[in-house]
Structures are given as structure tokens and as C-alpha cells.
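Thanks for sharing this one with me. Here are my notes, as numbered points you can follow with the viewer open.

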Amino acid sequence: MRVATIAGFIASLMFSASALAAPATVYSGGDILTMKGPTPAYVEALVEKDGKILYAGKRSGALRAAGKDARQVNLAGATLMPGFVDAHGHLVYATHTMLDADLAGVRNIPELLARLQAHAAETPEGERIVGMGYRAEQMAEKRHPTRAELDTVSATRPITVSDGSGHHGVFNTALMNELKLGAATPDPEGGFFDRLPGSRELEGHAAETAWMAILATRKPLTEAQTRKGVQRASQLWVENGMTTASELGLGLSGDDIPIVTTIINEKLLPIDLVIFAKASASERIIDSAYQIQKSRTNPNGETSADLLSVRPDLDQRYINRVRLAGIKFWMDGSVDTAFLSRPFARNPPGVTTPDYRGMRVDPQDELVAALQKYWRTNRQIAAHAIGDEAIEQLLVAAEATAREKGMGDDRPIVQHAQFLRPDQLQRVKALNGTVSFTAAGIYPMGEYIRDLIGPERVSWVGPANSAERMGVNWTINTDWPAGVSPSLLYAAWNVVNRQTRSGALLVPEERVSAYAAMRAITINAAYQYREEKTKGTLEAGKLADLVILSANPVKVAPMAIKDITVMQTIKEGLVVYTRPAAGPEKTAQIPPHASGDHVHVSAGPERALTEQDQRTLAALVEANGRD
């Protein structure tokens, strides 16, 4: 048998048709953690063949199964696990933000302005200067920058900067003039503009629907920008060990459909992408697809034939690594606007409303209508729900639908679930649902969240161990680029340790074992998306979606989990990422900023769908109807 080092093996595998005909590969020489079962289970060796796991067990059996021409990969003490599954992220939206100024972790407004100035120097004339990622509560000034401060970067070029959640942001005077905003501009329903003291003039900060309307004026990406943004985003996902990515809100940007069309037609992704359409855009997306289907004699004819790739798992729901899985609703906004059943214990900064309970976003009747339409179909329903009242609205609607239509395999998803009551966990279980915790905010934002919710309700914050004890399927996610870190290992570190910036523990009884956290990003996440038959564990017949880690997260000290590096990411037997031998450490360092919120914006004006867009949508809609 040919023996190769990991580096040599990577060089020998090329992303081509010939790779599918390559000899089997045997992995051994390190911990091979299968993630099968409630306690850690290991095998001595794993065999990959034609993109699938051929064998997992004793090394002697692996050598027999692999055959005489098999390659051998010595893990050299590293740990092999199933590839990580992104339970809530925004790869399509990140295609935009990866091209913008990175404002994550800025410590003060001068640093923010300096980063923005550096980015402006690289931004072509005529294009808007855009940045994202600052957190007002984490900066020295404890406030958003002002319009006047952004004017120091440029008084003539339009500028927008979004905070890490995407629910707040600031514009400069040039943009205000371009959009004809001013003292007469009213606050929209569900949002507001800050005004200069003693006047109606705009100060520059806008929130929620007011900010979303600003961002909706950004022009769509060009095809060249799309390719660059997709490449940067997918590189970030594979660097962090993910073999399945997600877009939990297709339609957040006005040009999302053209981006996805380009991704599919040009086969830009090295890993799978699960998509949930933004509720307010879902009818436009799905109806457009149905219309093109109706207009064709064979609605799944040459378009689907051109788009469908040969997949080892034969999962025809995917078209060139993209699957339209369901619809996403927003029941509330950020941590500061979480929809609560009782008022905040302490109002967020800038909020003076007495008995403030946050803010509802999507109308309840639209949620009910979607549940009625898609219950017991292949279309899942997910809901952004941070506050307990937001979660309640989802549960009430889903329970009523289940009583009327009966229980199927619907698996509704509660995304974020920041303030989740014990009784609500029981009801999620009864619906066979999943709660997906955006966990990475525990360290940087723990004290802030505790003070907002108060001591009587702090036990509701991200109750992962309660979910584990109750047998509720639960996952953790990054929510990137709106989250704290793109690393699922960092998210896992948070739920295992629950340590805050001060060193205190936030509800320590809700800590989970490292193994439970690893299940949350592998088999539990695969189950969330109805893909547990092909992903999430290392078993014969499943996809060879693998990640090689520098250490075993189940065996290291809990505080060391964040320091584990991703050495390789392997999608269906093909190496799609290798950590550079001489490159910087890819550790999940504790970031100095926080978010834990979800981007709920539109980054570009909607445009009419082209015939190619419609054909692509039609193929996606039809493909998701197959099991």
C-alpha cells in the first residue's frame, strides 16, 4: 500500500472527476471519534471510497476493505471527526460583508474611523464605503459613531457602517443627501432615526426598519464581486471545519437570487449550502420558480439536467451543492429588541420607553399562513426568536397547526432561543423541533445579557443542558457574519464553560459536556436539517464529510477547546482546506466584541428575476420535493 503524509496526500487529490475514481483512503493513527451514540465512541481506522465512508472499525478490517491500492493517511495523533454542520449562518450574506471594511473588535471610535479610512483607500471611486462589525456597548465611548465623525473619513463619498448585529448603523452626510433624508423624514414603523439634541435633524444613527431601508439602497454586486465574495466566504467556512454551510435568510440582500444563480451555475462551492428563504421574500422566490415550472412541458427538463451533479449520497435535493430547505421568519430583532413576555429588567442603552418589552418584527398572520401551507411538506419552518414572547408566538402557531393537520416530520427550528423558558423547551420537544443557540456571546456579553433580563429570568439564557436532559434536539451556531466568531469550536467552548469576560460563570448549571457540544455541531445539526441519514456521524454508507483537529475536544481540558485548530476539512473525500504549515495559528481566539444577534437587512435593491434566475429557482424548488 502507498503511504503518504497528510501534506502529500492533499497534493495528490485534485477536485476533478478523476478523484471520484481514486483508490480508497485509510485514516488511522489518531483518535477517530464517530459521534455515534450518547457517549464517545472510537474506531481504529476509517476507509473512504468514492466520497463515502466504506468502513469504520478495526484497522485490520479497514485494510481488507480498502484493497491493495489504498492510500494510507497517518493522523499522527490528530483527531478525525465528522465535518461540522453550520446550524445557522449566512454564507450568501457574507459574500457582501467579506468585501467590506471589517469593524469587528474596534475598541473605540478613532480605531473604527481608521479602519474605515484604510478600506476607503481601496474602494473604487463611485462605490459606497461600507463597514460592519462594531459594537457600541463594547467600545470606550459606549455609543454609536455620529454622522459628523463619519464625515471625517469622507465628506463627499457615501458611507454606511453596521454594528455587529446588523440592526443598527450610521450613515454620513453624503449618503443622507444622496437619499434625500432630513428633518422631515419620519421614523418608520418598527424603527427610528436618532436626532440631534433639540432638533429634528438626523444625527446619523438609525435602528431596525429605518436602518434596513438605508441598506436596501446599496447597489447589487457585480459578477466579479460575487465570485470574489463567495470565494472568501467559503474559504472562511472550510477554515473552520464546516462541510455544510447555511444561509438562514435568502432575500436579506436584494441580489441574493443572482448570487445563488452564479454559485450554482458556476459550481463555486466546495461544500454544501442549506438555504432558508426570508419569509417576506419567500413567496417571490417560490412563486417565481413555480411559474417557470408551469410554463415548461417538462418542468424538470434540461435546466435540472444541466444543474444536478452526481452526488455520492444520491441526495437529489441538492443542485450543485445548494438546497432550498425552508422558510425563515423573524419574530423579533436583536438582544436589545428581544420580544419579552414581561419588561426588561434594565432598558438597553438609549431606550427610555417605560415597561419596554422589545419589538415584534414579522406579522403573526404571515407565520400562521406559512405553517398552514407548508406543514407536513418538505419545506421546514425556522424562526428567529430571541425573547420568550417571540418563541411563544412560534410555538402557539405551530401547536395549533399540528392539532389541525396532525404531526408529521416537520422539525420546526427555534433560532437563537436566547431567553427560553423551561415550559417552552417541553413544547419544542413535543413538536419534534430543534433549538439552535447562538452561544458565542456568553463570554463577551454575559454580564450585559444578565443585567438586561434580571436575576429572576437569567436561568432562561441559552439553557443547553436543560435541552440535553429533556431530550430536545439542540444545536449551536455562529450566525456569522452577525455573530461573535465564525468558529464552531469557539461556540462549543462557550456552552461547555459558560465563562463571562469577568471570569464569572453565567448559569453554570446549564454547562454541557464537551461531547454533547460536539454532537450539537455534528449529528444534532444534521438532524435539524433532515440530513442525519447521510451526515453527522462516521458510519459506513454516510458521506465522507470529515474534519481533522489538532486535539480531541472531548479529551482536552474544557478551557482548551477554543485553542484547538482545524488541520484539514474534507468534503466527500476531497480535501477542501489544509492549515498552512508555516501560516498563523487558526485558533478560535476570544474576540473583543460581541453580537449574538442576526443580520436582518437588505443589502441591495431588488431587481427583476432573469429567466436564468427563474430556471435555477425552479430546479431548487422541484429538487427539494424529492427525498
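1. Let me begin with a question: which strands does helix α5 lie across, and at what angle does helix α5 run to β9? Helix α5, residues 109–122, lies across β8, β9 and β10 (159–163), and its direction makes about 145° with that of β9. Please keep in mind throughout that this is a predicted model.

2. The strands under α5 belong to an open sheet of six strands with mixed pairing. Reading across, the order is β8-β9-β10-β11-β13-β12. At the edges sit β8 (101–102) and β12 (191–195), each of which pairs on one side only. The pairing of β8 with β9 (residues 129–134) is parallel and rests on two bridges; Ala-101 has Gly-131 in β9 as its bridge partner. As a general reminder, strands of a sheet pair through backbone hydrogen bonds, in either a parallel or an antiparallel sense.

3. For the overall picture, the protein has 21 helices and 23 strands. Of its 627 residues, 62% are buried. If you take the contacts between residues at least 6 apart in sequence, 76% of them join residues at least 24 apart.

4. Is strand β14 largely enclosed or largely open? Strand β14, residues 242–250, has nine of its nine residues buried, so the rest of the structure largely encloses it. On the pairing side, β14 runs parallel to strand β7 (residues 84–85), with two bridges between them, and Phe-84 is matched with Met-242 of β14. Strand β15 (residues 272–278) is also parallel to β14, joined to it by six bridges. Within that pairing, Leu-248 stands opposite Phe-276 of β15.

5. Helix α10, residues 256–265, is mostly covered too, with nine of its 10 residues buried. Among the buried ones are Asp-256, Pro-258, Thr-261 and Thr-262, along with Ile-257, Ile-259, Ile-263 and Ile-264. Just after this helix, Lys-267 adopts a positive phi of about 50°, which you may like to look at in the backbone plot.

6. Now to the helix packing around α14. In general, a packed pair of helices is described by the angle between the axes and the distance between them. Helix α13 (residues 364–374) packs on α14 at an angle of about 35°, the axes being 10 Å apart, and the crossing is right-handed. From α13, Gln-364, Leu-367, Val-368, Leu-371 and Gln-372 take part. They meet a set of α14 residues including Leu-394, Ala-397, Ala-398 and Thr-401. By class, this contact has six nonpolar, four polar and two charged residues.

7. Helix α14 (residues 388–405) also meets helix α15 (residues 422–430), with axes that come within 11 Å and cross at roughly 30°. The two helices are therefore roughly parallel to each other, and their crossing is left-handed. On the α14 side the contact uses Asp-388, Ile-391, Glu-392, Leu-395, Val-396 and Glu-399, while α15 supplies Gln-424, Arg-427 and Val-428. Sorted by class, the residues of this contact are four nonpolar, one polar and four charged. The spacing of such contact residues is worth reading with the helix repeat in mind: an α-helix has 3.6 residues a turn, so residues three or four places apart point the same way.

Note on methods
Residues numbered from 1 in each chain as written. Predicted model: local features only at pLDDT ≥ 70, side-chain atom pairs only at ≥ 80, totals over all residues. Heavy atoms only, no water. Axes fitted to C-alpha atoms, helices over the stretch in contact; angles between N-to-C directions. Helix = DSSP H or I, 4+ residues; strand = E, 2+ residues; numbered from the N terminus. Parallel < 35°, antiparallel > 145°, perpendicular 65-115°, else oblique. Left-handed = near helix turned anticlockwise from the far one by under 90°. Contact = heavy atoms within 4.5 Å. Nonpolar A, V, L, I, M, F, W, Y, C, P; charged D, E, K, R; others polar. Pairing = 2+ DSSP bridges. Buried < 20%, exposed > 50% of the residue type's maximum accessible area, 1.4 Å probe, protein only.
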